[in-house]
Amino acid sequence: MTMIAPGRTIGILGGGQLGRMLASAANQLGFDVHIFCPETDSPASRAARKTWTADYLDADALRDFAKSCDVVTLEFENIPVEATDIITACGVPLHPGPKALAISQDRAEEKAFLNGIGIPTAPYEVIESASDIPRALDRVGGTGVLKTRRDGYDGKGQAWVRAPGEAEAAWSAIGEAPAVLEAAIPFECEISVIVARSSKGETLSWAPPRNVHEDGILARSVAPSGLSKAVETEAREKAMKLVGALDYVGVLALEFFVLSDGTLLANEFAPRVHNSGHWTPEACQTGQFEQHIRAICGWPLGDTRRLYDADMRNLIGDAGIVDPAQLNADETLTLYGKRDARPGRKMGHITRRVAPRKD
């Protein structure tokens with residue numbers, strides 16, 4: 001891959017807060033940014049030089065967008081794969097590519113891929129109808145979580161199933177969509193590995209944070225995780241194995257359930273920068289947003305060492321209405337530029353640098 005020089009243009013598919021933070025990192029490194037998304041007045045568009053407002057399947061608009069860019073990336077994984085095919089057909093580099101996007105969009109495909117490369121997940125069964133659930137429930141141990149194969153995030157598209165008699169209600173709750181039934185795992189905690197890979201195969205990761213969820217939404221990420229060095233090292237090695245198998249370029253997040261004996265079971269991966277890595281710009285030599293820009297532009301990856309222990313908390317709904325005067329000196333506020341604070345909507349985050357790194 002030819003190195004893309006400052007002053008060139010990076011295209012981002014998606015207009016949300018991740019696109020906004022990627023655009024800020026690109027601006028810092030001297031790049032112009034173009035955004036493509038269907039929403040008007042999106043958070044990312046207000047941090048970009050130019051915005052295409054069109055449907056993701058508007059082929060003509062996508063071609064015009066692609067021709068204006070030197071490289072294109074994406075900020076969320078529900079971009080239609082067809083859109084990425086149109087971009088690549090224009091001869092414009094796209095990172096990450098369609099393969100990682102397609103696999104991550106289907107939970108059944110994702111779990112099969114992870115297990116196929118030696119990264120185990122919780123036991124699961126593919127569900128096509130409510131009648132599949134009772135038998136599948138028995139095979140996964142009697143209790144499970146029914147999850148839509150596509151489009152679920154932040155706890156959406158999920159329903160617990162604790163007995164065969166709950167099958168119809170759970171199926172209805174997820175909209176009667178194709179699904180997987182995942183075994184309920186008695187895990188001690190969840191961690192994630194944020195990993196970056198360059199076009200030359202250089203791979204680096206950050207210290208895995210411990211993640212805390214509330215109502216199915218990430219509430220906090222804390223680094224270090226408090227787990228043993230051996231568990232963290234294994235998690236990082238598995239994430240590096242994943243990006244290698246995908247021939248991935250850019251930043252990716254791989255989430256793990258950690259069992260009481262230290263066993264790691266992969267939950268899912270996101271082919272993009274990730275909420276659980278929002279602490280990295282304030283606490284590490286190189287943050288995830290700058291690193292993603294470096295990777296997709298063919299630059300050497302930056303040092304990922306952690307300089308500070310960190311505690312990142314999301315500002316959700318009305319919690320996003322923050323008085324800056326109430327912040328402590330060791331806290332950094334990032335707001336996403338969203339106009340309306342709605343329940344369950346991520347409005348920003350605060351990263352607190354706890355102490356200089358000791359390990």
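**The parallel sheet**

Begin by selecting strands S1, S2, S3 and S4 of this predicted model. Together they form an open sheet of four strands in the order S3-S2-S1-S4, and the pairing is parallel. The edges are occupied by S3 and strand S4 (71–74); each has a single partner strand, so one side of each lacks a neighbour in the sheet. From one strand to the next, the twist averages 20°.

Next, add helix H2 to the selection. H2 packs on this sheet and touches strand S1 (9–13), S2, S3 and S4. The direction of H2 makes about 170° with that of S2.

Now restrict the view to S2 and S3. These two strands run parallel and are joined by four bridges. To see one bridge pair, select Cys 37 together with its partner in S3, Thr 53.

**Aromatic rings around the sheet**

The count of aromatic pairs in the model is six. Select Phe 36 and Tyr 56, which form one such pair. Their ring centres are 6.1 Å apart, with 35° between the planes, and the arrangement is tilted. Where along the chain do Phe 36 and Tyr 56 lie? Phe 36 belongs to strand S2 (residues 32–37), whereas Tyr 56 is in the loop between strand S3 (50–53) and helix H2 (59–67). The two residues are 20 residues apart, and the pair links distant parts of the chain. Both Phe 36 and Tyr 56 are buried.

Extend the selection to Trp 52, Phe 65 and Phe 76. Ring pairs link these three residues with Phe 36 and Tyr 56 into a cluster.

**A stacked pair between a loop and a strand**

Move to Phe 187 and Phe 257. This aromatic pair is stacked, at 4.6 Å centre to centre and with 25° between the planes. Phe 187 lies in the loop between strand S8 (179–183) and strand S9 (189–197), and Phe 257 lies in strand S13 (residues 250–258). With their positions 70 residues apart in the numbering, this pair also links distant parts of the chain. Are the two rings' residues buried or partly exposed? Phe 187 is partly exposed, at 37% relative accessible area, while Phe 257 counts as buried, at 9% relative accessibility.

**Strand S9 and its partners**

Select S9 next. Nine of its nine residues are buried, so the strand is largely enclosed by the rest of the structure. Displaying the side chains shows two directions: Cys 189, Ile 191, Val 193, Val 195 and Arg 197 point one way, and Glu 190, Ser 192, Ile 194 and Ala 196 point the other way.

The partners of S9 can be added in turn:

- S13 pairs with S9 in the antiparallel sense over nine bridges; here Cys 189 stands opposite Val 258.
- Strand S11 (residues 210–214) pairs with S9 in the antiparallel sense over two bridges; here Glu 190 stands opposite Asn 211.
- Strand S10 (residues 203–205) runs antiparallel to S9 and is joined to it by three bridges; here Ala 196 has Leu 204 as its bridge partner.

S9 and S10 form a hairpin with five residues between the strands. Select Gly 201 in this hairpin, where phi is positive, near 90°.

**Helix H10 and the residues after it**

Turn to helix H10 (residues 288–296). H10 is mostly covered, with eight of its nine residues buried. Among them are Phe 289, His 292, Ile 293 and Arg 294. After H10, select Gly 298, which has a positive phi near 80°.

**Cysteines**

How many disulfides does the model contain? The count is zero. Select Cys 189 and Cys 284: the sulfur of Cys 284 is the closest cysteine sulfur to that of Cys 189, yet it is 19 Å away, too far for a bond. Cys 189 is buried, with 6% relative accessible area. Cys 297 is likewise in no disulfide, and the nearest cysteine sulfur, in Cys 69, is 11 Å away. Cys 297 is buried, with a relative accessible area of 0%.

**A charge over a ring**

Finally, select Arg 353 and Tyr 308. The charged end of Arg 353 sits over the ring of Tyr 308, at 4.5 Å from the ring centre.

Conventions
Residues are numbered from 1 along each chain as its sequence is written. Side-chain values use heavy atoms; hydrogens and water are left out. Rings of Phe, Tyr and Trp (its six-membered ring) pair if their centres lie within 6.5 Å; planes under 30 degrees apart count as stacked, over 60 as edge-to-face and the rest as tilted. Buried means under 20% relative accessible area, exposed over 50%, partly exposed in between (1.4 Å probe, protein chains only). A charge sits over a ring if NZ of Lys or CZ of Arg is within 6 Å of the ring centre and within 35 degrees of the ring normal. Two strands pair if DSSP finds at least two bridges between them. Axes are lines fitted to C-alpha atoms, for helices over the stretch in contact, and angles run from 0 to 180 degrees between N-to-C directions. Contact means heavy atoms within 4.5 Å. A disulfide is a pair of cysteine sulfur atoms within 2.5 Å.
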